[in-house]
Every structure is written in C-alpha cells, then in structure tokens.
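The reader is invited to study a protein chain by way of its open and enclosed spaces, its aromatic rings and its charged side chains. Please keep the sequence and the three-dimensional view at hand while reading.

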Amino acid sequence: MRKSEKGKYVKWYRLAERAMGDLIPHPRKNSEIFKWVSMEDWLLIPTHAERDMGEAKNRPNPNIYFSVEDDGIDLGLVCNTQDSIRKMRNILHTYHTREREELLSRLKRLDGGFITTVYAKAYPYHPRQSPNYKQVFQTQANEIDDEAIKEIFRHVDMVRKRGRRKKLAENKRWTPVLPVINIASTRVNKKDEDFVKRMTQLKPLYETCLEIKTQAQINREMRRERIVVRICPKCGIQPDSEQRFCSQCGSHLLLEVVSRQEFENMKNRRRIR
C-alpha cells in the first residue's frame, strides 16, 4: 500500500489510543503508524516491545487488528500464530483456573455484536503468499463456556492435522493449512464513538490474554519452585506427613527437596502415598 492509502488508519489508531490507554504505544508522529499497516490493508496494533511488523506478526500473544473499509471497520482480537494458539490453550490448564474464569467473565461482558470463530488459513502455493481463509467454527463470543472452549480447540486440532496431512501428501516444505482463532471480532460503522466503544470492550480481554502463560513458562516456573517432601525408601513420597516414620512400613522418612514439576510427575506415577 502507498503511504497515501495508509493515511486512513491514522485517525482510527489515535482513537484506539484513547480506548486502550498505556496498553499500546502512542507514536509522536503520524508517519510512525504507517509501518503497522499491512500490504493486505489492515492494521496490527503493536506492543511497546515490538519494533517492526515482522515482530508483531510473529508474537506469541494474541493481537488486536482492524481493517478500515468504505462501509465500516472490521476489528478483533485474534490468535494468528501457532505460538499464540498454544498460549491460549493454556486457559484449559489446571494452573490457570483464575485466568480461565477471568477470560470467560470478560467475554460475557462483550455486547452481542462480537463473535468467536476458528478459521483454516491456507497457503497453497507459497508460505509467504497472502493466505486464504475458510471459517470452520463460529459462536457468540459472550456465550462461550468451558464446553465451547473445548469445541474451539477440537476444530483447531482438526485443521492442524489436515495441514500436516497435506504437507506430507504434497511434499511441501511448509504446512499449507494452519488454524486461526478470532477470540472476539466485530464490525462497526465509521463513527468515532462506536469504534472507541468496541475497542474499550476489547481492552480487558486483551490484558487477560497477555497474562496467560505459555506451557514453557509454566514448566520453567515449576522447575524453579522447590518444595520439601518426606520420602520413605520403600513406599515413596509422603508429602503431607509430619511424622518421622512411614505410616505403612515404619521405615525412617528422609527429607528431600524437589521441584514442583518433579513432585507433579511423581503424583502422576502414583508414587504419593
């Protein structure tokens, strides 16, 4: 796109600044906004840490985008990378009960104009081509519950498997079909107050999504967190025991410091007595 065409995004980015506050950058010059407009005619709102569009497109977090057209504006919060989808999957992790409930609560506060969708994003000819999108799932964003989340990721896994099969069958170097989750998207008319209202609704949802940890972050934290457990050489770990001797066999209990992850692995192997 030419700079003159990208200029239509300046006004709407400035309105997004009003809605999102310090959560997004506030460029001093209007020309600095142009680099966040794609060749496909949509703007990706950057984080403070991102320096260029390449970094923004490949972030491991969901992003907010909007596309200005003659008769309205499409906007939404989307997981457009596989890392961001894996991160969103962590809302189902047992360590994210609070975040999952917070996310569902904030989705329910959206007005009825927002929808949640899953798309199959296809790159049939080249990994850098403009992809084709096919919708495979849709639901009302403010009606999402745990069952809907499971359904979302069922479709995500189906799209991912189809992409892997096509990659093998067509002997491609890239995966030609990938999933995309539009967590909450809508279309608004080109009125300042309507745009700001919808962006304001997305802000708390966006904040929650940024707080959700990746599985790698969870694993690192579990490895760093250390706990003291009592171990019976014969019967295994007895983490809740305050006794010096095993209640099962009478052996002397040994104290050992293990990571939270090691502790969870032992529980899974039923070594806890």
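The paragraphs below treat pockets and cavities, then aromatic rings, then salt bridges. The model shown is a predicted one.

The discussion begins with the open spaces. The largest pocket holds about 1,100 Å³ of space. Its lining is made up of 31 residues, and those that lie nearest its centre are Asn80, Lys121, Tyr123, Pro131 and Tyr133. Several elements give two or more residues to this lining, namely the strands β2 (63-69), β3 (72-79), β4 (115-122) and β6 (177-188), together with the helix α4 (82-89). In chemical character, the lining of the largest pocket consists of 12 nonpolar, 11 polar and 8 charged residues.

An enclosed space may now be set beside the pocket. When the whole structure is searched for cavities of 30 Å³ or more, 1 is found. The volume of the largest cavity is about 100 Å³. Which residues line the largest cavity? They are Met88, Ile91, Leu103, Leu107, Thr116, Ile144, Ile149, Ile152, Phe153, Ile181 and Ile183. At least two residues of this lining come from each of α5 (97-108), α6 (146-169) and β6. The largest share, 3 residues, is supplied by α6. The lining of the largest cavity contains 10 nonpolar residues, 1 polar residue and no charged residue. Strand β6 is thus named in the lining of the largest pocket and also in that of the largest cavity.

The aromatic rings come next. A pair of aromatic rings is described by the distance of the centres and the angle of the planes. In this model there are 4 aromatic pairs. One of them joins tyrosine 9 and phenylalanine 66, whose ring centres lie 5.8 Å apart with 40° between the planes, a tilted arrangement. This pair links distant parts of the chain, for tyrosine 9 belongs to helix α2 (residues 8-20) and phenylalanine 66 to strand β2, 57 residues apart. Are the two residues buried or exposed? Tyrosine 9 is buried because its relative accessible area is 0%, which lies under the limit of 20%. Phenylalanine 66 also counts as buried, at 0% relative accessibility.

A second pair offers another geometry. The ring centres of tyrosine 119 and tyrosine 133 are 6.1 Å apart and their planes stand at 90°, so the pair is edge-to-face; the angle required for that description is over 60 degrees. Here too, distant parts of the chain are linked: tyrosine 119 lies in strand β4 and tyrosine 133 in strand β5 (residues 132-140), 14 residues apart. Tyrosine 119 is partly exposed, at 21% relative accessible area, and tyrosine 133 is likewise partly exposed, at 45%. Tyrosine 133 has already been met among the residues nearest the centre of the largest pocket.

Ring pairs also build a cluster, which consists of Tyr9, Trp12, Phe66 and Phe195. One of its members, tryptophan 12, has lysine 11 over its face, at 4.6 Å from the ring centre.

The last topic is that of charged side chains. Side chains of opposite charge can pair when their charged atoms come close. The model contains 19 salt bridges. Within helix α2, the side chains of arginine 14 and glutamate 17 form a salt bridge with an N to O distance of 2.8 Å. These two residues are 3 residues apart, which is about one turn of the helix. Arginine 14 is partly exposed, at 23% relative accessibility, whereas glutamate 17 is buried, at 9%. Another salt bridge joins arginine 59 and glutamate 50, again at 2.8 Å from N to O, and both of these residues are buried.

A further salt bridge connects arginine 187 with aspartate 74, their closest N and O atoms being 2.9 Å apart. Because arginine 187 lies in strand β6 and aspartate 74 in strand β3, the pair ties together parts that are 113 residues apart in sequence. Both partners are partly exposed, arginine 187 at 34% and aspartate 74 at 23%. These two residues also take part in a network of salt bridges that links Glu69, Asp71, Asp74 and Arg187.

Conventions. Residues are numbered from 1 along each chain as its sequence is written. This is a predicted model: local features need pLDDT of at least 70, side-chain atom pairs count only at pLDDT 80 or more; totals for chains, interfaces and linings use all residues. Side-chain values use heavy atoms; hydrogens and water are left out. On a 1 Å grid over the protein atoms alone, a cavity is a set of points where a 1.4 Å probe fits but cannot get out, and a pocket is an open set with protein on both sides within 12 Å along at least five of seven lines; lining residues have an atom within 4 Å of a point. Grid points are joined across faces, edges and corners, and a volume is the space filled by probe spheres set on the points. Helices (H or I, at least four residues) and strands (E, at least two) are DSSP runs, numbered from the N terminus. Ala, Val, Leu, Ile, Met, Phe, Trp, Tyr, Cys and Pro count as nonpolar, Asp, Glu, Lys and Arg as charged, and the others, Gly among them, as polar. Rings of Phe, Tyr and Trp (its six-membered ring) pair if their centres lie within 6.5 Å; planes under 30 degrees apart count as stacked, over 60 as edge-to-face and the rest as tilted. Buried means under 20% relative accessible area, exposed over 50%, partly exposed in between (1.4 Å probe, protein chains only). A charge sits over a ring if NZ of Lys or CZ of Arg is within 6 Å of the ring centre and within 35 degrees of the ring normal. A salt bridge is a side-chain nitrogen of Lys or Arg within 4 Å of a carboxyl oxygen of Asp or Glu.
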